[in-house]
Amino acid sequence: MTTAPGALPVGGVGEPPRDGTVVTRLGSGGPWESVYGYSRVVRAGALAITAGCTSTVDGGVAHVGDAAAQTAQAIRIGLDALAEVGAGPADVVRTRMYVTDRLYVDEVGRAHNAVFGPVRPVATMVVVAGLVDPEHLVEVELEAWLPHP
């Protein structure tokens with residue numbers, strides 16, 4: 001396991017992949033990672049995937065009531081995590097957005113477009129009943145492909 005500067009290594013269990021793929025698991029120190037047992041970002045070979053990213057900053061929800069700003073913050077957090085394993089916005093091939101109300105779909109989509117419009121990854125937006133913190137209006141997942149070393 002390699003660790004990028006500023007990232008927190010995450011100890012894993014089990015055997016490494018049989019094909020020799022290097023798997024890197026990094027945490028951000030977010031409030032739920034150690035409690036719920038997940039990594040902020042995992043890179044397995046050429047694939048890098050973030051966990052769901054919200055507008056949680058320093059343990060609190062940023063931009064309460066503003067779906068566009070929460071989306072921008074969540075994407076920024078996801079892109080920062082991807083950067084820790086060598087990926088940039090142009091490497092993103094898929095995004096998923098979970099939105100708590102249909103009323104937010106347009107502003108979430110526009111915030112997504114502000115970052116990913118030139119990249120045009122495949123994207124899914126789903127309206128959900130709620131997220132872990134009721135002040136979260138959106139959660140975003142990012143996937144990147146890095147065929148280069």
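Three helices and nine strands make up the protein, which is seen here as a predicted model. Read from the N terminus on, these elements follow one another in the order β-β-α-β-β-β-β-α-β-α-β-β. Of the contacts between residues at least 6 apart in sequence, 66% join residues at least 24 apart. Of the 149 residues of the protein, 39% count as buried, while the area that the protein exposes comes to about 8,100 Å², with carbon and sulfur atoms supplying 55% of it.

**The nonpolar core**

In soluble globular proteins, nonpolar side chains tend to be buried together. In this model the largest nonpolar core has 24 residues, and those with the most contacts inside it are Leu79, Leu82 and Val140. At least two residues of this core are supplied by each of helix 2 (67–84), strand 7 (92–99), helix 3 (105–116) and strand 9 (138–145), and the largest share, seven residues, comes from helix 2. Leu82 may serve as an example of the surroundings of one core residue: leaving aside residues up to four places away in sequence, Leu82 touches Val41, Ala48, Ile49, Thr50, Ala87, Val92, Leu142 and Ala144.

**Salt bridges between strand 7 and strand 9**

A search of the whole structure finds four salt bridges, among them the following pairs.

| Pair | Closest N and O atoms | Separation in sequence |
|---|---|---|
| Glu143 and Arg94 | 3.9 Å | 49 residues |
| Glu141 and Arg96 | 3.3 Å | 45 residues |
| Glu143 and Arg96 | 2.7 Å | 47 residues |

Glu141 lies in strand 9 and Arg96 in strand 7, so their salt bridge ties together parts of the chain that are distant in sequence by 45 residues. The bridge between Glu143 and Arg96 likewise links strand 9 with strand 7, and through shared partners the salt bridges join Arg94, Arg96, Glu141 and Glu143 into one network.

How buried or exposed are the residues of this network, taking Glu143, Arg94 and Arg96 in turn? Glu143 has a relative accessible area of 14% and is buried, because the cut-off for buried is under 20%. Arg94, with a relative accessible area of 30%, is partly exposed, and Arg96 counts as partly exposed at 22% relative accessibility. In the pair of Glu143 and Arg94, therefore, a buried glutamate meets a partly exposed arginine in a salt bridge.

Technical notes
Residues numbered from 1 in each chain as written. Predicted model: local features only at pLDDT ≥ 70, side-chain atom pairs only at ≥ 80, totals over all residues. Heavy atoms only, no water. Core = buried A, V, L, I, M, F, W, Y, C linked by side-chain atoms within 4.5 Å. Buried < 20%, exposed > 50% of the residue type's maximum accessible area, 1.4 Å probe, protein only. Helix = DSSP H or I, 4+ residues; strand = E, 2+ residues; numbered from the N terminus. Contact = heavy atoms within 4.5 Å. Areas by Shrake-Rupley, 256 points an atom, 1.4 Å probe, with all protein chains shown as cover. Salt bridge = Lys/Arg side-chain N within 4 Å of Asp/Glu carboxyl O.
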